[in-house]
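Please open the model in your viewer and keep the selection panel at hand. The tour below proceeds from one selection to the next and states what is found at each.

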Amino acid sequence: MAGERAWPESGPSTSSDDLGAAVLLARPPRRVASLVPSLTEAVAATRPDVLIAATDWCTHPADLGVERVRGTKNPNVRRIIELAPDLVLCNMEENRRIDVDRLRAAGIPVWVTRIETVDDALASLARLFTVALSTAIPPWLTEAESVWAPPPPTPPRNAVIPIWRNPWMVVGRNTFTGDLASRLGLRLVHADRQDRYPRLTDPELTTGIDLAVLPDEPYVFTRTDGPEAFPGTPVALVEGRSLTWYGPSLATARQTLTQQLAAAFPGGAQPSS
């Protein structure tokens, strides 16, 4: 798998995170704080012994017993510094630059990931484990790489994936979720807009689509909250974690989402050409 390499058994070592920033790493790390739900789950599933803190949004695994340091956008930087982690895990999209800068100014090593595609996720996670965490690539990541290797089904369906309402916001270009959706055979009709998560009017939301995909996070769409906005259009209610997280759920997401998308077409209707 891309990114795998050998690591020294002990002592500090400088490496570069996904953004090319130099990070002084303890070898091996013994105290890790994660400010990204996907990365928290990934570390908890692979190196639970090193995880000491996570955000309130880190909901997987459900029994995660580490200190909580508020949210992804408003972490308790002072408390994180007091905990003296060997490493803090962040993501370019989910966390703020100012918080990364404050942690680094306090002498805390911060590893920032950049993930905009499924391939990005696979490579970034491989580097996270082999380089940052000084451990082997976990079996679930190897399985995920195999799961997402086959080509998408064809022809694609024209789709929209809202992530919020009032106002409506949808998945657009250069996003992990958008790339994952394309691998499921979905063509996002708003992916040509400038914003990565465009805001839409009600008429724009339903124009030119064969399918509306409604996840249960970050907005909690349900059978009674969301489908009514798409009269006459098939609607798939899907697991948000499978659609937007890039940790261990990657190994099961393709099967889960394929089944949930198929449920919107019980008669086996074909997509528009």
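Select Leu-122, Leu-125, Ala-126 and Phe-129 in helix 4, together with Trp-140, Leu-141, Ala-144 and Glu-145 in helix 5; these two groups meet, contact meaning heavy atoms within 4.5 Å. The residues of this contact divide into 7 nonpolar, no polar and 1 charged. Here Ala, Val, Leu, Ile, Met, Phe, Trp, Tyr, Cys and Pro count as nonpolar, Asp, Glu, Lys and Arg as charged, and the others, Gly among them, as polar.

The model is predicted, so that local features need pLDDT of at least 70 and side-chain atom pairs count only at pLDDT 80 or more, while totals for chains, interfaces and linings use all residues. Residues are numbered from 1 along each chain as its sequence is written, and side-chain values use heavy atoms, with hydrogens and water left out.

Now display helix 4 (residues 118–132) and helix 5 (residues 139–147) whole: they pack at an angle of about 160°, with their axes 11 Å apart. Helices (H or I, at least four residues) and strands (E, at least two) are DSSP runs, numbered from the N terminus. Axes are lines fitted to C-alpha atoms, for helices over the stretch in contact, and angles run from 0 to 180 degrees between N-to-C directions. Helix 4 and helix 5 are therefore roughly antiparallel (over 145 degrees; under 35 is roughly parallel, 65 to 115 roughly perpendicular, and the rest oblique).

Keep helix 5 and add helix 9 (residues 250–262); their axes come within 7 Å and cross at roughly 35°. Select Trp-140, Glu-143, Ala-144 and Val-147 of helix 5 with Leu-250, Ala-251 and Arg-254 of helix 9 to see the contact. It has 5 nonpolar, no polar and 2 charged residues.

Return to helix 4 and add helix 6, where the axes come within 8 Å and cross at roughly 115°. That makes helix 4 roughly perpendicular to helix 6. Val-118, Asp-119 and Ala-121 of helix 4 make the contact with Phe-176, Asp-179, Leu-180 and Arg-183 of helix 6.

Which residues are the closest to the centre of the largest pocket? Select Glu-94, Glu-217, Pro-218, Thr-244 and Trp-245, the closest of the 24 that line it. The largest pocket has a volume of about 890 Å³, and its lining divides into 12 nonpolar, 8 polar and 4 charged residues. A pocket is an open set of points on a 1 Å grid over the protein atoms alone, where a 1.4 Å probe fits, with protein on both sides within 12 Å along at least five of seven lines; lining residues have an atom within 4 Å of a point. Grid points are joined across faces, edges and corners, and a volume is the space filled by probe spheres set on the points.
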